[in-house]
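Here are some notes to read alongside the structure. Please keep the sequence and the model open, and look up each place as the points come to it.

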Amino acid sequence: MPKEKEGSPAAMNRTAVERKSDRELVVTRTFDAPARIVFEAWSKPELFKRWWIPKSAGMSLVSCDMDIRTGGAYRLVFRHPAFDQPMTFFGTYREVTPHKRLVWTNEESDQGAVTTVTFEERAGKTLVTLHELYPTKAARDEAIAGSAEGLPEQFAQLDELLAGGE
Amino acid sequence: MTLTGMKKHVSVLEQAGLVTTEKVGRVRTCKLGLRRLEEEAAWIERHRQLWNARFDALDKIVEQLKRKEKADAQRKRR
């Protein structure tokens, strides 16, 4: 296969996902902007809440508190029409290095991953690498459950199960 | 490929749970763990869809920030 030119539209806009080991998930994507801009979109709550939940998930972000600094806490509250109760995701920022690295814990369950995001700038573009380390393989296999967007899918599955009556 | 090389390849696949092997006498029979492969592909695809949707939205915001920065810089120059 011919190697795509760096920075061509096809090489950009590509989200690669890899199961790096039994307990790891790695997602990469290149953005056509300097690292400080991409970092800004991750670290300012008013920007972050505009992209973290895809519209297709049918969820809304009720509140978004992010104390972005090493040792700071975050708390995201979501609502989904299928659920009476809101869902809360929370944890602590283990490391915040502006324009370079973010590390946070996911503490809503004891099976939560530690998420590391790195921002590598090259020729005005930024390679974002998101790495999730789960405590066990089972936790990683069920990982989509831990992320808010996986929930509607699970709700649909639950609906099916309940409708089946078996 | 040498037999030793082949054995190595198979053992990696076996460790990953993608094939199963059974040795009877001198013959080792390999079976594809098809189900595992399909599950693996489905898992990766679910995650890819989620992150792709997220990052497409992030891409738009990054573009907006970039345009705004450019416009601000031009305004300052004037």
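**Notes on the model**

1. A good place to begin is A:H99, which sits in the loop between β5 and β6 of chain A. The model is a predicted one, and in it A:H99 has a positive phi of about 70° although it is not a glycine. Is A:H99 buried, exposed or partly exposed? A:H99 counts as partly exposed, because it has 15 C-beta neighbours inside 10 Å, whereas a buried residue would need 20 or more and an exposed one 12 or fewer.

2. The strands on either side of this loop are β5 (residues 87-97) and β6 (residues 101-105) of chain A, which run antiparallel and are joined by four bridges. As one point of reference along this pair, A:T97 stands opposite A:R101 in β6(A).

3. A second loop deserves the same attention, namely the one between β7 and β8 of chain A, where A:A123 is found. The phi of A:A123 is near 50°, again a positive value in a residue other than glycine. A:A123 counts as exposed, because it has 7 C-beta neighbours inside 10 Å and the limit for an exposed residue is 12 or fewer.

4. Stepping back to the whole of chain A, one finds five helices and eight strands, and from the N terminus on these elements follow the order β-β-α-α-β-β-β-β-β-β-α-α-α. Buried residues make up 22% of the 166 residues in chain A. Of the contacts in chain A between residues at least 6 apart in sequence, 40% join residues at least 24 apart.

5. In what order do the eight strands lie in the open sheet? The order in chain A is β1-β2-β8-β7-β6-β5-β4-β3, and the pairing is antiparallel. Strands β1 and β3 (60-66) of chain A stand at the edges with a single partner strand each, so one side of each is left without a neighbour in the sheet. Neighbouring strands of this sheet are turned by 20° against each other on average, if direction is ignored.

6. Helix α1 (residues 35-43) of chain A packs on this sheet, where it touches β2, β6, β7 (114-122) and β8 (125-133) of chain A, and the direction of the helix makes about 155° with that of β7(A).

7. At one end of the sheet order, strand β1 (residues 16-21) and strand β2 (residues 24-31) of chain A pair in the antiparallel sense over four bridges, and the two form a hairpin with two residues between them. Within this hairpin, the bridge partner of A:A16 in β2(A) is A:T28, while that of A:E18 is A:V26. Strand β2(A) also pairs with β8(A) in the antiparallel sense, over eight bridges, and here A:T30 has A:L127 in β8(A) as its bridge partner.

8. Turning to chain B, helix α1 (residues 3-15) offers a check that a student can repeat. The 13 residues of this helix should span 18 Å at 1.5 Å a residue, and its end C-alpha atoms are indeed 18 Å apart, which agrees. The number of buried residues in α1(B) is zero, so the helix lies largely in the open. Just after α1(B), B:G17 takes a positive phi of about 75°.

9. How many residues does each chain bring to the contact between chain B and chain A? Chain B gives 18 residues and chain A gives 23 residues. On the side of chain B that touches chain A, there are eleven nonpolar, two polar and five charged residues. B:A57, found in helix α2 (residues 34-77) of chain B, touches A:W51 and A:P54, not counting residues up to four places away in sequence. B:A57 is partly exposed, with 17 other C-beta atoms within 10 Å. The C-alpha atoms of B:A57 and B:A16, which are 41 residues apart along the chain, are separated by 34 Å.

10. A last point concerns confidence. Chain A averages a pLDDT of 82, and 78% of the residues score at least 70. Over residues 1-11 of chain A, however, pLDDT stays under 50, and the model has six contacts beyond four places in sequence for this stretch. Where pLDDT is low, the predicted coordinates should not be read in detail.

Technical notes:
Residues are numbered from 1 along each chain as its sequence is written. Chains are lettered from A and ligands numbered from 1 in the order in which they are written. This is a predicted model: local features need pLDDT of at least 70, side-chain atom pairs count only at pLDDT 80 or more; totals for chains, interfaces and linings use all residues. Two residues are in contact if their C-beta atoms, placed from the backbone, lie within 7 Å. Two strands pair if DSSP finds at least two bridges between them. The expected span of a helix is 1.5 Å times one less than its number of residues. Ala, Val, Leu, Ile, Met, Phe, Trp, Tyr, Cys and Pro count as nonpolar, Asp, Glu, Lys and Arg as charged, and the others, Gly among them, as polar. pLDDT is the predictor's confidence in each residue, from 0 to 100. Axes are lines fitted to C-alpha atoms, for helices over the stretch in contact, and angles run from 0 to 180 degrees between N-to-C directions.
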